[in-house]
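These are my notebook entries on a single chain. I set down what I looked up, entry by entry.

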Amino acid sequence: LKFLYKQFYRTLFCLLVWCLHVWVQLEPLAIRYRSFMSGTIPLLEGTGHYNSKDSRRCPRQLCKLKAGLLFVIALTGLFLAKDLFCERVWGNVGSPYKKVQYLGLSIFTVPGTAADGCFHFDRAIHDSCYLGKAELFTDLERRKDIILEAIEKAYASSAWDRNSSTLKVVMAPEFFWRGPKGAYQLGPELAKSAAAVFGQLQKYLSDKRFSDCIFVLGTVVAVRLHNVHPELLNLSKGTALNSFNVSYYNFAPIHVGGEDTMLVHFKHHVSTIDFLHRQKHLRPGSVIPNPIPSSCQHRGHQRCSYGKLSSDKVQRMFGFSSSQVVQDEVFIAKGLRIGIEICLDHLLGTLANSLGPSKTVDLHLIVSAGMRLAAGPICTRQGGPAFLADGYARTAMTMNIYGQGRQAGKLPGGGFNYNIGVVYAADPLLALGQWLGDTIEALTGTQIGVAPIGFGILPEGIPFSQVQVFDNMSVSMLEGFYPTANFEEARHIYSLILSHVEEPRKRGFTFGDVPNMTSFFPTVDVYGPILLPERSWFA
């Protein structure tokens, strides 16, 4: 409604100004014509009773109409000036939120291996494969249940900030929705299943208790097949497909909490790690082929690009109600100007290029699978937060403390590192190392090293906590959909350590308690709340 309100006033203002311009141009001619027809102005000036001042005087009715038009133009201009002033000069003054809290889902969404249970065809134990269920509705529904479980656990925890002046941003990683083929195939079956599943998801997140939330629900990977015989549309037939007859789509559904509003942001650039590479053991047609730059449907500079669907097609093919496609990587929600990028787009500075050198955003959001915050420019003002949810079960944030997030230095091995300041991050590998160090200290009484694992990386000076979503019992909910073999091995190591301690204890030896290992199972990592900086005069 706010968007339509602004567009209405902008259109009305332009229309009224145009009418006034036409009036100014035509009014003298109209007066002369009317006076001539009434006989007060002869054909040739200077003869008869010609009075230039009287003949050009505006009639009272027209003067009143002109004054009314000028008043409406001035009033419309004031409304536009107010919106422009609040958005451009004061930024989040128009927003009720003074703080923001980030809740990132730490979960592996990258391809799994045969160890994770994907035995679709002959392969070695470490060969990669996509995870998911062949039955489309079952696959979508389980993923929906997993993300809702995470949201519900986070909401029920003490870490959730209940203050109505704190905006909660909940994010899941890239590739959260992709299925066992590596992508969902656009068509009637997907439209029917997605409408049912995402309809339930939107209804849940539209609840008023989430009115202070924005949800970035990972990304959805889909394909459209071109010029393919109907018999080949079922990929399980085993027919080879080439990337020249496949259009690829990768987009993030963004739900504005407490409202029936779904935004959709499309990724631009295809990364070399977005899809499995063609391997001999992959039966033709069993998965969507990775795109090849020389033969892909959508091509950018030296690489393939993802396609983009219009808002009406997104609604028709996925059942999103009230959906809008994000333009130029920026959307307005809850009175804040928010930038969003997906993985490789961040490395290539897509948001920075769209904004230009002077514009900024209040929040910068990145969903990825194998990306760092400092690998690309951060486009917030000084002190403005940027959040990352990565498919390697990593969450991170920075606050652009120097205000130089678009300045970069070249690394010795190539690539660039941007001056975004301290990065606060949580990673299951760090958690595993910390748990192992704590366990050895409990058994020996001697600390391993003088600093905890992740010193200088884990949140320091910023409120941080983790909400356990799945433990060693409930992690089975993920099996077959996301990699879990690493959790199984961690559980096995934990049992070995406990059995190692049990025998000496029976002989009278005393040890400290071995820490519980659930800290590196999937969690919701909670950062903040963090103050939102005020927008400067010309930011």
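In these notes a strand is a DSSP run of E of at least two residues, numbered from the N terminus. I note at the outset that the model is predicted.

**Entry 1. The chain as a whole.** I counted 10 helices and 20 strands in the secondary structure. The chain has 539 residues, and 49% of them count as buried. I then looked at contacts between residues at least 6 apart in sequence: 73% of these join residues at least 24 apart.

**Entry 2. P529 and its peptide bond.** I located P529 in strand β20, which covers residues 523–531. The peptide bond that leads from G528 to P529 is cis, and its omega is near 25 degrees. For context, I recall that most peptide bonds are trans.

**Entry 3. D161.** P529 appears again here, as one of the residues that D161 touches. Q101, T166 and K168 are also in contact with D161, residues up to four places away in sequence being left out. I placed D161 in the loop that runs between α4 (136–156) and β4 (166–172). Which side chain of opposite charge is nearest to D161? I found K168, 5.1 Å away. A salt bridge requires a side-chain nitrogen of Lys or Arg within 4 Å of a carboxyl oxygen, and D161, although buried, has none. Its side chain does reach the backbone nitrogen of N163, at 2.8 Å.

**Entry 4. Strand β7 and its partners.** I checked the cover of β7 (residues 220–225) and found 5 of its 6 residues buried. β5 (residues 184–185) runs parallel to β7, and 2 bridges join them. In this pairing Y184 is opposite A222. With β8 (residues 246–256), β7 pairs in the antiparallel sense, over 6 bridges. Here I noted L225 of β7 opposite V246 in β8.

**Entry 5. An open sheet.** I traced an open sheet of 6 strands with mixed pairing, in the order β11-β12-β13-β14-β15-β18. Why does β11 have one side without a neighbour in the sheet? β11 (330–333) stands at an edge and has a single partner strand, so one of its sides is left free of a neighbour; the same holds for β18 (423–426). On average, neighbouring strands of this sheet are turned by 20 degrees against each other, direction ignored. I also followed the pairing of β18 with β15 (residues 394–398), which is antiparallel and is made by 4 bridges. T398 has V423 in β18 as its bridge partner.

**Entry 6. Two residues with positive phi.** Most residues other than glycine have a negative phi. I recorded D328 with phi near 60 degrees, in the loop between β10 (323–325) and β11. K334 has a positive phi of about 55 degrees and is found in the loop between β11 and β12 (336–342). Are these residues buried or exposed? D328 is exposed, with a relative accessible area of 52%, whereas K334 counts as buried at 14%.

**Entry 7. H346.** I found H346 in helix α7, residues 344–347. Its relative accessible area is 0%, so H346 is buried. The H346 side chain makes a polar contact, at 2.8 Å, with the side chain of E341. Leaving out residues up to four places away in sequence, I listed the residues that H346 touches; among them are H364, I366, M371, R372 and L373. The list also includes A375, G376, P377 and I378.

Note on methods
Residues numbered from 1 in each chain as written. Predicted model: local features only at pLDDT ≥ 70, side-chain atom pairs only at ≥ 80, totals over all residues. Heavy atoms only, no water. Buried < 20%, exposed > 50% of the residue type's maximum accessible area, 1.4 Å probe, protein only. Lys, Arg positive; Asp, Glu negative; His and termini not counted. Polar contact = N/O pair within 3.5 Å; in protein donor to acceptor, adjacent residues only side chain to side chain. Contact = heavy atoms within 4.5 Å. Pairing = 2+ DSSP bridges. Axes fitted to C-alpha atoms, helices over the stretch in contact; angles between N-to-C directions.
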